[in-house]
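Subject: Structure for you to look at

Hello,

Here is the structure I said I would pass on. Please open it beside this email and follow along.

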Amino acid sequence: MKLLRMKWSHFTALSALILMVAVVPAAAGGAASTYNCTVEKFTTFSSGDPVFIANNLEKTFTVTVTDEQVRVDMQSTHFLDGTTIYPITQRRNTSVTGVDGDPIRLGAITLPKDPKPRLARNGYFNAVINISGSFYSNNWLLRCSDQNRDDDG
């Protein structure tokens, strides 16, 4: 009986270890990648409002990508800072798209599936955020760099 208890406790410990090794990485997902982004271009239906356009061109964004979502933190001296979580809804050969919405607006972000080659070649990559409703559409072309990259290269 003592031998059986030892085997059972070893089996239980081994099972727990296997379960932990299998489940913890799956729950944690891949490592997050974070990028600092500035606005390269901004388009809107409100083209007659140069202050609105200028204020949007001054926004900055921090974009964090995981396997499940794209988190966008927007910073601005002219608008309230905000965070939007875009669940990833589409993965294509070259791009990833996250979509978020509510009853009055729909938002989406599209960025390269793997920005590393563009970062290595150019030091940046582009991403696009679109927010639209029944009477407006605002689009930001972002220029994003690796948050961990030293500005000197």
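Below is what was found, starting with the overall fold and ending with two residues.

Please keep in mind that this is a predicted model.

The fold: eight strands close into a barrel, in the order 1-2-3-4-5-6-7-8, with antiparallel pairing. On average, neighbouring strands of this sheet are turned by 30° against each other, direction ignored. Helix 2 (residues 50–57) packs on the sheet, where it touches strand 1 (33–44) and strand 8 (137–146). The direction of helix 2 makes about 165° with that of strand 1. As for one pair in the barrel, strand 3 (residues 69–75) and strand 4 (residues 82–91) run antiparallel and are joined by six bridges. In that pair, Q69 stands opposite P87.

The first residue is K59, in the loop between helix 2 and strand 2 (60–65). K59 is buried but has no salt bridge. The nearest side chain of opposite charge belongs to D81, 8.9 Å away. The side chain of K59 does have a polar contact of 3.0 Å with that of N56. Beyond its neighbours within four places in sequence, K59 is in contact with several residues, including T38, M74, F79 and W140.

The second is D73, in strand 3. Why does D73 count as buried? Its relative accessible area is 15%, and buried means under 20%, so D73 qualifies. Not counting residues up to four places away in sequence, D73 touches T60, F61, T62, G82 and T83. With T83, the side chain of D73 makes a polar contact of 2.5 Å.

Regards

Methods: Residues are numbered from 1 along each chain as its sequence is written. This is a predicted model: local features need pLDDT of at least 70, side-chain atom pairs count only at pLDDT 80 or more; totals for chains, interfaces and linings use all residues. Side-chain values use heavy atoms; hydrogens and water are left out. Two strands pair if DSSP finds at least two bridges between them. Helices (H or I, at least four residues) and strands (E, at least two) are DSSP runs, numbered from the N terminus. Axes are lines fitted to C-alpha atoms, for helices over the stretch in contact, and angles run from 0 to 180 degrees between N-to-C directions. Contact means heavy atoms within 4.5 Å. Buried means under 20% relative accessible area, exposed over 50%, partly exposed in between (1.4 Å probe, protein chains only). Lys and Arg count as positive and Asp and Glu as negative; His and the chain ends are not counted. A salt bridge is a side-chain nitrogen of Lys or Arg within 4 Å of a carboxyl oxygen of Asp or Glu. A polar contact is a pair of N or O atoms within 3.5 Å; within protein, one must be able to donate a hydrogen and the other to accept it, and residues adjacent in sequence count only if both atoms are side-chain atoms.
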